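New page in the notebook. I'm going to look up a few things in this structure and jot down what I find.

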Amino acid sequence: MTTNTLSLTDLGLAGLLLLVNAMLSWGFRLNLERSLALATARMIVQLGAVGFVLKFVFEHGTAWLTGVLALIMVLIAAWETMARQEHRFTNRWQHWGLGTATLLFAGAVGTLYATQAVIGTEPWWSPRILLPILGMVLGNALTGISLVLDTLTAAAKRERGAIEARLALGHGRYDAFRDVLTRALRSGLMPLLNTMAIAGVVALPGMMTGQILTGADPVEAAKYQIMIMFVLSGATALAVVFAGIGGVWMLTDNRHRLRLERLETIATDEKNTRLRGTGLSGE
């Protein structure tokens with residue numbers, strides 16, 4: 001079986017479905033038309049550019065070129081992760097450093113484990129295997145980190161009195177944050193758990209669908225998808241825990257005092273402006 005090549009006309013026909021979104025936005029006065037247009041344009045440009053870049057890397061890739069592209073993916077994911085936070089850390093180096101270090105750690109561990117311990121890729125840096133797996137790991141870790149930090153910082157502000165009371169009684173920072181951190185970690189892991197729960201029953205995951213569309217045996221495609229889900233669960237768990245612990249550390253000082261002045265809240269207008277390009281704005 002061979003995959004049918006999609007023409008620009010085919011893509012245009014698929015794009016007509018966006019009219020449904022536009023009509024809903026207009027009919028219910030959601031005012032999402034501009035966000036939809038920007039998100040669509042951004043998606044087309046990004047995916048088109050990535051397609052050409054990956055084609056070049058797959059055909060002429062070397063270890064250093066693969067490494068540079070992987071690092072760029074990590075940095076962009078870190079930017080997206082930390083830019084979505086409603087409560088930012090005032091120390092910019094710590095704010096962006098936490099997201100970058102977490103994604104770099106989880107991405108490296110998850111990707112190298114999958115390519116070397118499980119698949120046994122040769123060479124180890126093969127871009128055709130390494131980059132797609134890294135992309136899936138970063139995508140899931142990005143969501144988990146965003147949720148855990150959002151939940152953690154919001155709860156720290158809301159439950160300031162309870163946390164400071166525990167600290168005043170002599171509890172350590174992580175003991176004082178135990179309940180808040182538990183809820184934050186649960187929040188960060190929930191999307192992946194939901195995905196795993198419905199995989200194969202309600203929806204066919206992306207990797208399995210892609211392999212089936214290219215003619216792979218459905219059983220083999222299912223095996224690869226199961227492997228990927230295991231890798232994503234482990235890598236996301238590492239990212240969520242790393243981000244949660246790092247967030248608590250940044251919200252307290254060496255004397256185990258709560259330091260909420262290290263947070264700044266992003267104004268609603270600025271947040272909507274920042275999200276408008278991603279199609280997530282509420283306007």
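**Helix 4 against helix 6**

I started with a packed pair: helix 4 and helix 6 sit with their axes 9 Å apart, at an angle of about 15°. That angle is under 35 degrees, so I'm putting helix 4 and helix 6 down as roughly parallel. I noted their crossing as right-handed.

Next I looked up who touches whom. On the helix 4 side I found Thr-66, Leu-69, Ala-70, Met-73, Val-74, Ala-77, Glu-80, Thr-81 and Met-82. Helix 6 answers with residues including Pro-127, Leu-130, Leu-131, Leu-134 and Gly-135. By class, I get 14 nonpolar residues, four polar and one charged in the contact of helix 4 with helix 6.

**How far to trust it**

A reminder to myself: this is a predicted model. The average pLDDT over the chain is 89, and 93% of the residues score at least 70. I marked residues 268-283, where the pLDDT is below 50. That stretch still has 32 contacts in the model beyond near neighbours in sequence.

**The overall layout**

I stepped back to the whole chain and found twelve helices and two strands. Read along the sequence, I wrote the pattern down as α-α-α-α-β-α-α-α-α-α-α-α-β-α. The C-alpha trace spans about 70 × 50 × 40 Å along its principal axes.

**Helix 5 against helix 6**

At what angle do helix 5 and helix 6 cross? I read off roughly 140° for helix 5 (residues 92-119) and helix 6 (residues 127-158), whose axes come within 9 Å. Roughly parallel would need under 35 degrees and roughly antiparallel over 145, so I call helix 5 and helix 6 oblique to each other. The crossing of helix 5 and helix 6 is right-handed.

From helix 5, the contact takes in Leu-98, Thr-102, Leu-103, Ala-106 and Gly-107, among others. From helix 6, I listed residues including Ile-129, Leu-130, Ile-133, Leu-134 and Val-137. I sorted the contact of helix 5 with helix 6 into 15 nonpolar and four polar residues, with no charged ones.

**The loop between them**

I checked the loop between helix 5 and helix 6 and found Pro-123 there. The peptide bond from Glu-122 to Pro-123 is cis, with omega near -10°.

**Aromatic rings**

How many aromatic pairs turn up in the whole structure? My search came back with two. I looked into Trp-79 and Trp-96: their ring centres are 4.7 Å apart and their planes are at 5°, so this pair is stacked. It links distant parts of the chain, with Trp-79 in helix 4 (residues 63-83) and Trp-96 in helix 5, 17 residues apart.

**Helix 3 against helix 4**

Last packed pair for today. The axes of helix 3 (residues 33-60) and helix 4 come within 10 Å and cross at roughly 160°. That is over 145, so helix 3 runs roughly antiparallel to helix 4. I noted the crossing of helix 3 and helix 4 as left-handed.

Here Arg-42, Val-53, Leu-54, Phe-56, Val-57 and His-60 of helix 3 meet Leu-65, Thr-66, Leu-69 and Glu-80 of helix 4. I tallied six nonpolar, two polar and two charged residues in the contact of helix 3 with helix 4.

**One odd backbone angle**

Before closing the page I looked up Arg-29, in the loop between helix 2 (18-27) and helix 3. Arg-29 is not a glycine, yet I find a positive phi of about 55° for it.

Notes. Residues numbered from 1 in each chain as written. Predicted model: local features only at pLDDT ≥ 70, side-chain atom pairs only at ≥ 80, totals over all residues. Heavy atoms only, no water. Axes fitted to C-alpha atoms, helices over the stretch in contact; angles between N-to-C directions. Helix = DSSP H or I, 4+ residues; strand = E, 2+ residues; numbered from the N terminus. Parallel < 35°, antiparallel > 145°, perpendicular 65-115°, else oblique. Left-handed = near helix turned anticlockwise from the far one by under 90°. Contact = heavy atoms within 4.5 Å. Nonpolar A, V, L, I, M, F, W, Y, C, P; charged D, E, K, R; others polar. pLDDT = per-residue confidence, 0-100. Phe/Tyr/Trp six-rings, centres within 6.5 Å; stacked < 30°, edge-to-face > 60°.
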